[in-house]
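Biologist: Please take a close look at one single part of this model, and explain step by step how it connects to the rest of the chain.

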Amino acid sequence: MTQPDCLVPGCSVRGQHLTESRAHADGCRGCVPREAADGLAICWWHRNRTLDAVAALPGLVAHLREIGKPYAQARPASDTLSPGDPAERDAMPGAWLAADSLENSLVGWVRATIEESPTRLSWPDRRPWRGDVPGWMLDHLDTACALPFAGVMAVELVTEVVAARHRWPTAEDAEPVERLSLPCPRCGLAGLVRRAPRWVAEPRRVECTDPDCARVYTEDEYDALVAIALREGRAGRWRTA
Ligand SMILES: [Zn+2]
Ligand SMILES: [Zn+2]
Ligand SMILES: [Zn+2]
(Lines give C-alpha, C1' and ligand atoms only; values in the text may rest on other atoms or scores of the structure.)
(Ligands and ions follow the chains in the order given, each with its own letter.)
Protein backbone atom coordinates (compact mmCIF):
# COMPACT_ATOMS: atom_id res chain seq x y z
CA MET A 1 0.00 0.00 0.00
CA THR A 2 1.41 3.39 -0.88
CA GLN A 3 1.46 6.08 1.73
CA PRO A 4 -1.17 8.85 1.24
CA ASP A 5 -0.03 12.39 0.41
CA CYS A 6 0.30 15.12 3.02
CA LEU A 7 -3.05 16.94 3.17
CA VAL A 8 -1.48 20.38 3.38
CA PRO A 9 -2.21 21.91 -0.03
CA GLY A 10 0.91 22.29 -2.15
CA CYS A 11 3.12 20.26 0.18
CA SER A 12 5.69 18.79 -2.20
CA VAL A 13 9.18 17.40 -2.29
CA ARG A 14 11.73 19.99 -3.31
CA GLY A 15 13.43 19.25 -6.60
CA GLN A 16 11.19 16.35 -7.64
CA HIS A 17 8.83 16.87 -10.54
CA LEU A 18 5.87 15.21 -12.18
CA THR A 19 6.46 16.20 -15.79
CA GLU A 20 2.83 15.70 -16.69
CA SER A 21 1.60 17.78 -13.78
CA ARG A 22 -0.22 21.01 -14.53
CA ALA A 23 1.43 22.43 -11.43
CA HIS A 24 4.83 21.90 -13.01
CA ALA A 25 6.05 25.03 -14.75
CA ASP A 26 9.16 27.17 -15.13
CA GLY A 27 10.48 27.96 -11.70
CA CYS A 28 8.65 25.03 -10.08
CA ARG A 29 10.54 24.09 -6.92
CA GLY A 30 9.04 20.63 -6.79
CA CYS A 31 5.63 19.18 -7.58
CA VAL A 32 5.75 15.60 -6.31
CA PRO A 33 3.44 15.55 -3.28
CA ARG A 34 5.16 14.73 0.01
CA GLU A 35 3.99 11.58 1.74
CA ALA A 36 2.03 11.76 4.95
CA ALA A 37 3.83 10.48 8.04
CA ASP A 38 2.99 6.95 9.16
CA GLY A 39 -0.50 6.94 10.64
CA LEU A 40 -1.00 10.67 10.05
CA ALA A 41 -2.77 12.68 7.35
CA ILE A 42 0.08 15.19 7.08
CA CYS A 43 3.86 14.91 6.72
CA TRP A 44 6.31 15.08 9.65
CA TRP A 45 7.36 18.56 8.65
CA HIS A 46 3.83 19.93 8.91
CA ARG A 47 3.13 17.88 12.01
CA ASN A 48 6.20 19.38 13.70
CA ARG A 49 5.25 22.91 12.64
CA THR A 50 1.78 22.33 14.09
CA LEU A 51 3.36 21.07 17.32
CA ASP A 52 5.50 24.22 17.48
CA ALA A 53 2.47 26.44 16.90
CA VAL A 54 0.39 24.78 19.63
CA ALA A 55 3.32 24.74 22.06
CA ALA A 56 3.97 28.44 21.42
CA LEU A 57 0.34 29.43 22.03
CA PRO A 58 0.21 29.85 25.85
CA GLY A 59 3.28 32.11 25.92
CA LEU A 60 2.23 33.99 22.82
CA VAL A 61 -1.31 34.61 24.08
CA ALA A 62 0.02 35.83 27.46
CA HIS A 63 2.40 38.14 25.60
CA LEU A 64 -0.37 39.53 23.37
CA ARG A 65 -2.58 40.17 26.42
CA GLU A 66 0.29 41.89 28.20
CA ILE A 67 1.20 44.27 25.38
CA GLY A 68 -2.46 45.02 24.74
CA LYS A 69 -3.02 46.04 28.36
CA PRO A 70 -1.85 49.70 28.25
CA TYR A 71 -4.12 50.38 25.29
CA ALA A 72 -7.06 48.72 26.94
CA GLN A 73 -6.47 50.71 30.13
CA ALA A 74 -5.95 53.99 28.28
CA ARG A 75 -9.25 53.57 26.50
CA PRO A 76 -11.68 56.20 27.76
CA ALA A 77 -14.19 54.71 30.15
CA SER A 78 -17.35 54.33 28.20
CA ASP A 79 -20.87 53.88 29.39
CA THR A 80 -22.23 53.59 25.89
CA LEU A 81 -20.20 50.58 24.77
CA SER A 82 -20.53 47.12 26.19
CA PRO A 83 -18.20 44.19 25.61
CA GLY A 84 -19.11 42.45 22.41
CA ASP A 85 -20.38 45.67 20.85
CA PRO A 86 -18.75 45.98 17.39
CA ALA A 87 -17.58 49.51 18.25
CA GLU A 88 -16.02 48.16 21.44
CA ARG A 89 -14.24 45.49 19.45
CA ASP A 90 -12.84 48.13 17.09
CA ALA A 91 -11.45 49.99 20.06
CA MET A 92 -9.61 46.90 21.27
CA PRO A 93 -5.96 46.75 20.31
CA GLY A 94 -4.97 44.33 17.61
CA ALA A 95 -2.86 42.26 19.99
CA TRP A 96 -5.89 41.44 22.13
CA LEU A 97 -7.97 40.52 19.11
CA ALA A 98 -5.15 38.32 17.86
CA ALA A 99 -5.02 36.57 21.26
CA ASP A 100 -8.79 35.95 21.09
CA SER A 101 -8.49 34.64 17.58
CA LEU A 102 -5.64 32.25 18.48
CA GLU A 103 -7.58 30.89 21.46
CA ASN A 104 -10.73 30.47 19.42
CA SER A 105 -8.89 28.66 16.64
CA LEU A 106 -7.38 26.15 19.03
CA VAL A 107 -10.64 25.58 20.89
CA GLY A 108 -12.27 24.98 17.50
CA TRP A 109 -9.68 22.36 16.51
CA VAL A 110 -9.95 20.65 19.89
CA ARG A 111 -13.72 20.48 19.42
CA ALA A 112 -13.32 19.14 15.87
CA THR A 113 -10.86 16.51 17.11
CA ILE A 114 -13.26 15.36 19.83
CA GLU A 115 -16.16 15.24 17.39
CA GLU A 116 -14.36 13.46 14.56
CA SER A 117 -12.00 11.15 16.34
CA PRO A 118 -13.07 7.50 16.23
CA THR A 119 -11.84 7.22 19.82
CA ARG A 120 -13.89 8.73 22.62
CA LEU A 121 -12.04 11.79 23.88
CA SER A 122 -13.11 14.06 26.69
CA TRP A 123 -13.08 17.82 26.58
CA PRO A 124 -10.18 19.45 28.47
CA ASP A 125 -12.58 21.48 30.58
CA ARG A 126 -16.20 22.55 30.32
CA ARG A 127 -15.12 26.15 30.12
CA PRO A 128 -13.20 26.59 26.88
CA TRP A 129 -9.66 27.85 27.39
CA ARG A 130 -9.84 27.87 31.21
CA GLY A 131 -8.90 24.24 31.00
CA ASP A 132 -5.51 23.45 29.62
CA VAL A 133 -6.54 23.56 25.97
CA PRO A 134 -3.01 23.77 24.52
CA GLY A 135 -1.93 20.94 26.84
CA TRP A 136 -4.84 18.84 25.65
CA MET A 137 -3.92 19.44 22.02
CA LEU A 138 -0.27 18.56 22.65
CA ASP A 139 -1.39 15.29 24.23
CA HIS A 140 -3.73 14.50 21.34
CA LEU A 141 -1.77 16.08 18.50
CA ASP A 142 -1.21 12.89 16.54
CA THR A 143 -4.90 12.00 16.86
CA ALA A 144 -5.79 15.41 15.39
CA CYS A 145 -3.10 15.14 12.71
CA ALA A 146 -4.57 11.81 11.54
CA LEU A 147 -8.03 13.28 10.87
CA PRO A 148 -9.18 14.55 7.46
CA PHE A 149 -9.06 18.21 8.54
CA ALA A 150 -5.37 17.97 9.54
CA GLY A 151 -4.12 19.86 6.47
CA VAL A 152 -6.45 22.81 7.08
CA MET A 153 -5.69 22.77 10.80
CA ALA A 154 -1.92 22.79 10.23
CA VAL A 155 -2.13 25.72 7.81
CA GLU A 156 -4.45 27.73 10.04
CA LEU A 157 -2.61 27.28 13.33
CA VAL A 158 0.87 27.74 11.88
CA THR A 159 -0.13 30.77 9.81
CA GLU A 160 -1.86 32.50 12.71
CA VAL A 161 0.98 31.90 15.13
CA VAL A 162 3.65 32.96 12.63
CA ALA A 163 1.69 36.12 11.73
CA ALA A 164 1.14 37.10 15.39
CA ARG A 165 4.79 36.47 16.28
CA HIS A 166 5.94 38.44 13.29
CA ARG A 167 3.75 41.41 14.16
CA TRP A 168 4.25 41.31 17.94
CA PRO A 169 7.54 39.46 18.52
CA THR A 170 8.49 38.33 22.01
CA ALA A 171 12.00 38.53 23.40
CA GLU A 172 12.48 34.81 22.69
CA ASP A 173 11.40 35.19 19.07
CA ALA A 174 14.62 37.11 18.47
CA GLU A 175 16.59 33.95 19.33
CA PRO A 176 14.15 31.05 19.01
CA VAL A 177 16.62 28.36 18.08
CA GLU A 178 20.26 27.53 18.29
CA ARG A 179 21.72 26.59 14.90
CA LEU A 180 24.11 23.66 14.97
CA SER A 181 26.91 23.04 12.53
CA LEU A 182 26.69 19.25 12.76
CA PRO A 183 25.17 18.05 9.49
CA CYS A 184 22.00 16.00 9.84
CA PRO A 185 23.13 12.34 9.83
CA ARG A 186 19.96 11.34 8.03
CA CYS A 187 19.98 13.73 5.05
CA GLY A 188 23.54 15.08 5.27
CA LEU A 189 22.44 18.72 5.09
CA ALA A 190 23.53 21.40 7.53
CA GLY A 191 20.21 22.44 8.97
CA LEU A 192 20.08 21.11 12.50
CA VAL A 193 18.67 23.40 15.16
CA ARG A 194 18.19 22.95 18.88
CA ARG A 195 14.86 24.20 20.11
CA ALA A 196 14.41 25.35 23.67
CA PRO A 197 11.66 23.55 25.63
CA ARG A 198 8.42 25.41 25.15
CA TRP A 199 6.47 23.90 27.97
CA VAL A 200 7.36 22.47 31.34
CA ALA A 201 8.79 18.96 31.05
CA GLU A 202 9.23 19.12 27.30
CA PRO A 203 12.52 17.43 26.49
CA ARG A 204 14.90 19.57 24.51
CA ARG A 205 15.15 18.38 20.96
CA VAL A 206 17.34 18.78 17.94
CA GLU A 207 15.54 18.97 14.66
CA CYS A 208 16.49 18.90 10.99
CA THR A 209 15.02 21.99 9.32
CA ASP A 210 15.09 20.47 5.87
CA PRO A 211 11.39 19.87 5.10
CA ASP A 212 12.17 16.73 3.13
CA CYS A 213 13.90 15.19 6.15
CA ALA A 214 12.36 16.80 9.27
CA ARG A 215 14.07 14.20 11.47
CA VAL A 216 13.86 14.96 15.18
CA TYR A 217 16.63 13.81 17.51
CA THR A 218 16.48 13.69 21.28
CA GLU A 219 19.25 15.47 23.15
CA ASP A 220 20.68 12.05 24.03
CA GLU A 221 20.78 11.01 20.39
CA TYR A 222 22.38 14.30 19.49
CA ASP A 223 25.00 13.98 22.24
CA ALA A 224 25.79 10.50 20.93
CA LEU A 225 26.25 11.89 17.41
CA VAL A 226 28.58 14.59 18.67
CA ALA A 227 30.58 11.96 20.61
CA ILE A 228 30.97 9.90 17.43
CA ALA A 229 32.02 13.00 15.50
CA LEU A 230 34.63 13.87 18.14
CA ARG A 231 35.96 10.32 18.13
CA GLU A 232 36.30 10.40 14.38
CA GLY A 233 38.29 13.61 14.59
CA ARG A 234 35.78 15.80 12.94
CA ALA A 235 35.40 18.02 15.98
CA GLY A 236 36.37 21.17 14.13
CA ARG A 237 33.70 20.70 11.53
CA TRP A 238 31.05 19.39 13.88
CA ARG A 239 31.52 21.66 16.82
CA THR A 240 28.21 23.28 17.68
CA ALA A 241 27.83 26.80 16.42
ZN1 LIG B 1 7.54 20.62 -10.92
ZN1 LIG C 1 3.29 18.43 4.45
ZN1 LIG D 1 17.91 15.89 7.85
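**A close look at Ala-214**

Modeller: Ala-214 lies in the loop between strand S5 and strand S6 (216-218), where helices (H or I, at least four residues) and strands (E, at least two) are DSSP runs numbered from the N terminus. The model is a predicted one, in which local features need pLDDT of at least 70 and side-chain atom pairs count only at pLDDT 80 or more, whereas totals for chains, interfaces and linings use all residues. Residues are numbered from 1 along each chain as its sequence is written, while chains are lettered from A and ligands numbered from 1 in the order in which they are written.

Ala-214 counts as buried because 22 other C-beta atoms lie within 10 Å; the cut-offs are 20 or more such atoms for buried, 12 or fewer for exposed and anything in between for partly exposed, with C-beta atoms placed from the backbone. The backbone here deserves attention too, since the phi of Ala-214 is near 55 degrees, a positive value in a residue other than glycine. For comparison, most residues other than glycine have a negative phi.

The strands on either side of this loop, S5 and S6, run antiparallel and are joined by three bridges, and two strands are said to pair if DSSP finds at least two bridges between them. Within this pairing, Arg-205 has Thr-218 in S6 as its bridge partner. S5 also runs antiparallel to strand S4 (residues 192-195), with four bridges joining them, and Leu-192 has its partner, Cys-208, in S5. S4 in turn pairs with strand S3 (residues 177-179) in the antiparallel sense over three bridges, where the partner of Arg-179 in S4 is Val-193.

Together these strands form an open sheet of four, with antiparallel pairing and the order S3-S4-S5-S6. Its edge strands are S3 and S6, each of which pairs on one side only. From one strand to the next the twist averages 30 degrees, with axes taken as lines fitted to C-alpha atoms (for helices over the stretch in contact) and angles running from 0 to 180 degrees between N-to-C directions. Helix H8 packs on the sheet, touching S5 and S6, and its direction makes about 85 degrees with that of S6.

H8 (residues 219-231) has 13 residues that should span 18 Å at 1.5 Å a residue, and its end C-alpha atoms are 18 Å apart, which agrees; the expected span is 1.5 Å times one less than the number of residues. The number of buried residues in H8 is one of 13, so the helix lies largely in the open.

S5 also leads us to the interior. The largest nonpolar core has 48 residues, and those with the most contacts inside it are Ile-42, Leu-57, Leu-102 and Ala-150; such a core is a set of buried Ala, Val, Leu, Ile, Met, Phe, Trp, Tyr and Cys residues joined through C-beta atoms within 7 Å. S5 (205-208) is among the elements that give two or more residues to this core, alongside helices H1, H3 (94-116), H4 (133-139) and H6 (150-167). H1 gives the most, with 11 residues. Because domain 1 (44-173) and domain 2 (177-238) both give residues to the core, it lies between them, the bounds coming from an automatic or database domain assignment.

In H3, the buried residues include Leu-102, Leu-106 and Trp-109. Leaving aside neighbours within four places in sequence, Leu-102 is in contact with Leu-57, Leu-60, Val-61, Glu-160, Val-161 and Ala-164, where contact means C-beta atoms, placed from the backbone, within 7 Å.

For the chain as a whole, there are nine helices and six strands, and buried residues make up 26% of the 241 residues.

Notes. Contact = placed C-beta atoms within 7 Å.
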